[in-house]
Amino acid sequence: MLGRKTYTRDEIDHGKTAIEHQFAAYRKLVKAMPAPTSDKKIAAALEPFEALFFNNLTLVLDRYFVHRLSGPKHEGKDGNPLNEVRIICDSLITNDGVMRSDTQIKLPPERSITKLQVGDRIAITAAQFEALSTGFFTELEQRLLEEAS
């Protein structure tokens, strides 16, 4: 597939809905459990599950729009949420889940959503994912939403 300069409203809405459904399923599961703080076995199981689930959901988020062009006129290289998702996914897939740097993209941890630093083991939390996906879709709509004809 060739790189994409734009996505339609329907494509963006479809991706957003799919991500929201999966996030809602996670929330429903967590809500159905006894309070993790009162049960050490639940707390011990929930933390690694949360990281695995949201690391994988970040990969899913990226996959819906994986063919987006990464240049300055499209996705940009200014450390925005689209870049952050790209680097996180590349780090999960090719760097054994450890955050790596990117010579093309400037992503200072203090300006990023997840605050991940180069060398950190990636373990996305529900709160980080919610903020990251919100930022991702906002940036996607601002930069790559196809204008209606």
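## A walk from pocket to core

Start at the largest pocket, whose lining residues divide into three nonpolar, three polar and four charged. Here Ala, Val, Leu, Ile, Met, Phe, Trp, Tyr, Cys and Pro count as nonpolar, Asp, Glu, Lys and Arg as charged, and the others, Gly among them, as polar. You're looking at a predicted model, so local features need pLDDT of at least 70 and side-chain atom pairs count only at 80 or more, while totals for chains, interfaces and linings use all residues. Residues are numbered from 1 along each chain as its sequence is written, and side-chain values use heavy atoms, without hydrogens and water.

**Stop 1: the pocket**

Select K16, I19, E20, F23 and R27, then add E130, S133, T134, F137 and T138; together they line the largest pocket. (A pocket is an open set of points on a 1 Å grid over the protein atoms alone, where a 1.4 Å probe fits and protein lies on both sides within 12 Å along at least five of seven lines; lining residues have an atom within 4 Å of a point.) Which elements give two or more residues to that lining? They are α1 and α4. Helices are DSSP runs of H or I, at least four residues long, numbered from the N terminus.

**Stop 2: the ring pairs**

Keep F23 on screen, but switch to aromatic rings. The model has 13 aromatic pairs in total. (Rings of Phe, Tyr and Trp, the last by its six-membered ring, pair if their centres lie within 6.5 Å; planes under 30 degrees apart are stacked, over 60 edge-to-face, and the rest tilted.) Add F129 to your selection: F23 and F129 make an edge-to-face pair, 5.9 Å from centre to centre with 80° between the planes. Colour the two helices to see what this pair brings together: F23 belongs to helix α1 (residues 9-32) and F129 to helix α4 (residues 126-144), so distant parts of the chain, 106 residues apart, are linked. Are these two rings buried or exposed? Both F23 and F129 are buried. (Buried means under 20% relative accessible area, exposed over 50%, and partly exposed in between, with a 1.4 Å probe and protein chains only.)

Now pick Y26 and F53. Their rings form a stacked pair, with 5.4 Å between the centres and 20° between the planes. This pair, too, links distant parts of the chain: Y26 is in helix α1 and F53 is in helix α2 (residues 40-64), with their positions 27 residues apart in sequence. Try a surface view on this pair. Y26 is buried, at 7% relative accessible area, whereas F53 is partly exposed, at 22%.

To finish this stop, show F23, Y26, F49, F53, F54 and F129 as sticks, and you'll have one aromatic cluster in view.

**Stop 3: the core**

Leave F54 and F129 selected and add I88, F136, F137 and L140. These six have the most contacts inside the largest nonpolar core, which has 29 residues. (A nonpolar core is a set of buried Ala, Val, Leu, Ile, Met, Phe, Trp, Tyr and Cys residues joined through side-chain atoms within 4.5 Å.) Where do the core residues come from? Each of α1, α2, α3 (81-94) and α4 supplies at least two of them. Which helix gives the most? That's α4, with seven residues. You may recognise F137 from the pocket lining. In soluble globular proteins, nonpolar side chains tend to be buried together.

**Stop 4: the loop between α3 and α4**

Next, follow the chain into the loop between α3 and α4, and click on D96 there. D96 has a positive phi of about 55°, although it is not a glycine. On the surface view, D96 is exposed, with a relative accessible area of 61%. Further along this loop is K115. K115 also has a positive phi without being a glycine, near 65°. At 45% relative accessibility, K115 is partly exposed.

Then click on L116, found in the loop between α3 and α4 as well. Is L116 buried or exposed? L116 counts as buried, because its relative accessibility is 11%. Draw a C-alpha to C-alpha distance from L116 to E84: the two are 32 residues apart in sequence and 9.5 Å apart in space.

**Stop 5: two last distances**

Go back to helix α2 and select L52. L52 is exposed, at 53% relative accessibility. From L52, draw a line to T125: 73 residues separate them in sequence, and 9.1 Å in space, C-alpha to C-alpha.

For the last click, choose K28 in helix α1. K28 is exposed, at 65% relative accessible area. How many residues apart in sequence are K28 and A148? They are 120 residues apart, and in space their C-alphas are 36 Å apart.
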